[in-house]
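Grab a coffee and open the model in your viewer. Below are some short exercises, each with a solution worked step by step.

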Amino acid sequence: MTQHLETTRLTLRPWRESDADALFRYARDPDVGPRAGWAAHESVEESRRVIREVLAMPESYAIVLKRRAGDLPVGAIALMFGATSDLARSSREAELGYWVGRPLWGQGIVPEAAAALLEHAFSDLRLDAVWASYYEGNEQSRRVQEKLGFVPDRIIESLPRPLLGDAARTHVNVLSRERWTRMGHAHRGLIDEQQAEKRDIVESLSLVALVRSGGQTGADRGALDAAREMGVALCGWCPAGGLAEDCPEAPGLIGPYPELRETPSAGYIQRTAWNVRDSHATLIVSPGGLEPKSGTEATVDFARAYGRPVLVIEGAGEVSRAREWLEGIGRELTLNVAGPRASKAPGVYEITRGIVRELLS
C-alpha cells in the first residue's frame with residue numbers, strides 16, 4: 001500500500017478520485033505532459049480516469065505543498081515496477097517517474113520529493129536499483145537526476161511513446177543502492193541545504209509585486225489605492241487624456257495617478273485589453289456577477305484571448321479563494337484588478353480596496 005511520505009515542504013500521499021479537478025488544472029498544460037511521455041488532458045473526466053487507471057497504483061504519490069490549503073496535488077511522483085516500467089529488469093528494481101505543474105517549476109519541488117521517495121525505495125523497500133530517463137532536450141529533468149546521483153547507463157535512439165504516438169531519443173540513468181548508501185548523509189545533506197536555500201528565496205518573494213489597473217472609479221481605483229497604502233508599486237494603462245468617469249478632461253487620471261500611462265485610444269477598450277495583456281493574471285471583483293456586454297465582461301474575453309489566468313469573485317468572502325488561485329500561478333506577480341465602475345456598483349471601491357489590501361498583506 002502506498003503510504004504518506006513527508007519532507008520539509010511536501011506531503012507525498014496516495015491519489016484520490018476527488019483530486020481530478022486539481023490534476024486537470026496542471027495536466028491540461030501542453031508543456032507538462034509531453035515532457036513525461038503523455039498528452040495533455042482534455043477534460044476533468046479524463047483526469048479522473050487517469051487517477052483510477054494509472055495513478056492509483058502502489059508507490060504512486062500525489063505531491064502536495066504543506067503551505068497550501070486544501071491538500072491538493074501540484075504534481076505526481078512514482079516508483080514503477082514490472083509491466084508499468086520500460087526500464088526495471090527485476091522485482092528488486094524500479095523506475096522513477098515524476099512531473100510538477102508549470103507554476104511550481106524552478107522551486108526544487110521534484111528533487112525534494114524524489115529524494116524522499118528514493119530514501120523509501122532503498123531503506124524501506126530494499127531495492128537494488130532505481131532507473132530514470134529523460135527525453136533529449138529536457139534539461140530540467142536531466143539536472144534533477146544529476147542532483148540525485150543518477151549516472152548515465154545508455155541512450156535509446158528511438159524509444160516509442162505510445163501515449164503521444166511517436167518516439168524520442170531517450171537518456172537512461174541508474175542509481176544503485178550501493179551508490180545511494182555511499183553518498184549517504186553527504187548527499188542528503190546537500191539536497192537539504194539546497195532545498196533550504198531555495199525555500200528561503202521562495203518564501204522571501206511577495207505574492208504580488210505590482211498592481212495594475214485602468215484607474216476607473218470603483219474596483220480599479222480601489223485596487224490602486226490599496227497598493228499605495230500597502231507600499232506596493234502600481235501601474236496601468238488608461239485612455240488618452242486620462243479619461244475616467246470622474247475625470248473627463250486632461251490630464252485626468254494622470255494627475256492623481258502619475259504611474260499610469262495613456263493609450264493611443266481615447267476609449268476604454270484598448271486600455272482594458274492592454275492591462276490584461278501586460279499582467280500575469282487578472283482578478284475581477286464584481287458583486288452580483290458579470291454584467292453582460294459590459295467592460296468587465298470584455299476583460300474576461302481579453303484574458304481568454306491572451307491566454308492569461310482570470311478569476312471573478314463577488315466579495316470579501318472569497319479572499320482565500322483568490323489567494324490560493326494566485327499562489328497556484330506563482331510569485332512576484334503583476335496583478336491586473338478590474339471590475340465595475342462606482343456608478344454601476346456602489347460600494348465596489350471599498351470592497352475591492354479591502355480585498356486587495358488583504359491579498360497584499
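**Warm-up: a buried tryptophan**

Task: decide whether Trp237 is buried or exposed.

Solution. Start with the cut-offs: buried means under 20% relative accessible area, exposed over 50%, and partly exposed in between, using a 1.4 Å probe and protein chains only. Trp237 has 9% relative accessibility, so it counts as buried.

Before going on, some housekeeping. This is a predicted model, where local features need pLDDT of at least 70 and side-chain atom pairs count only at pLDDT 80 or more, while totals for chains, interfaces and linings use all residues. Residues are numbered from 1 along each chain as its sequence is written, and side-chain values use heavy atoms, with hydrogens and water left out.

**Exercise 1: aromatic pairs**

Task: find how many aromatic pairs the structure holds, then work out the geometry of the one made by Trp38 and Trp99.

Solution. Rings of Phe, Tyr and Trp (its six-membered ring) pair if their centres lie within 6.5 Å; planes under 30 degrees apart are stacked, over 60 edge-to-face, and the rest tilted. The structure holds 3 such pairs. For Trp38 and Trp99, the ring centres are 5.6 Å apart and the planes sit at 65 degrees, so call this pair edge-to-face. Next, place the partners: Trp38 is in the loop between α2 (33-36) and α3 (44-55), and Trp99 is in strand β5 (residues 93-100), so the pair links distant parts of the chain, 61 residues apart. (Helices are DSSP runs of H or I with at least four residues, strands are runs of E with at least two, and both are numbered from the N terminus.) Last, check burial: Trp38 counts as buried at 15% relative accessibility, and Trp99 does too at 11%.

Now back to the warm-up residue. The rings of Trp237 and Trp274 have centres 4.8 Å apart and planes at 75 degrees, so this pair is edge-to-face. Trp237 belongs to strand β10 (residues 233-238) and Trp274 to helix α8, with their positions 37 residues apart in a pair that links distant parts of the chain.

**Exercise 2: checking a helix**

Task: test whether helix α9 (residues 295-306) has the span you'd expect, and say what its buried residues pack against.

Solution. The expected span is 1.5 Å times one less than the number of residues. For the 12 residues of α9 that gives 16 Å, and the end C-alpha atoms are 16 Å apart, which agrees. Now the buried residues: Thr296, Ala298, Thr299, Val300 and Ala303. They pack against α8 (268-277), β12 (281-285), β13 (310-313) and β14 (333-338), with contact meaning heavy atoms within 4.5 Å. Just past the helix, Gly307 takes a positive phi of about 70 degrees.

**Exercise 3: a polar residue inside**

Task: describe the surroundings of Asn336.

Solution. Asn336 lies in strand β14 and counts as buried, with 3% relative accessibility. Its side chain makes a polar contact of 3.1 Å with that of Thr282. (That term means a pair of N or O atoms within 3.5 Å; within protein, one must be able to donate a hydrogen and the other to accept it, and residues adjacent in sequence count only if both atoms are side-chain atoms.) Leaving aside neighbours within four places in sequence, the contacts of Asn336 include Arg212, Ser213, Asn275 and Leu283.

**Exercise 4: the cores**

Task: find which residues touch the most other members of the largest nonpolar core.

Solution. A nonpolar core is a set of buried Ala, Val, Leu, Ile, Met, Phe, Trp, Tyr and Cys residues joined through side-chain atoms within 4.5 Å. Of the 46 residues in the largest one, Leu12, Ile63, Ile77, Leu96, Leu118, Val130 and Phe150 touch the most other members. Helix α4 (residues 109-124) gives the most to this core, with 10 residues. Apart from this core lies another, of 31 residues, among them Leu283, Leu326, Ile355 and Leu360.

**Exercise 5: backbone oddities**

Task: find where the cis peptide bond and the positive phi of Lys293 are.

Solution. The bond from Ala250 to Pro251 is cis, with omega near 5 degrees, and Pro251 sits in the loop between β10 and β11 (260-262). Lys293 isn't a glycine, yet has a positive phi of about 60 degrees. Look for Lys293 in the loop between β12 and α9, where it is exposed, with a relative accessible area of 82%.
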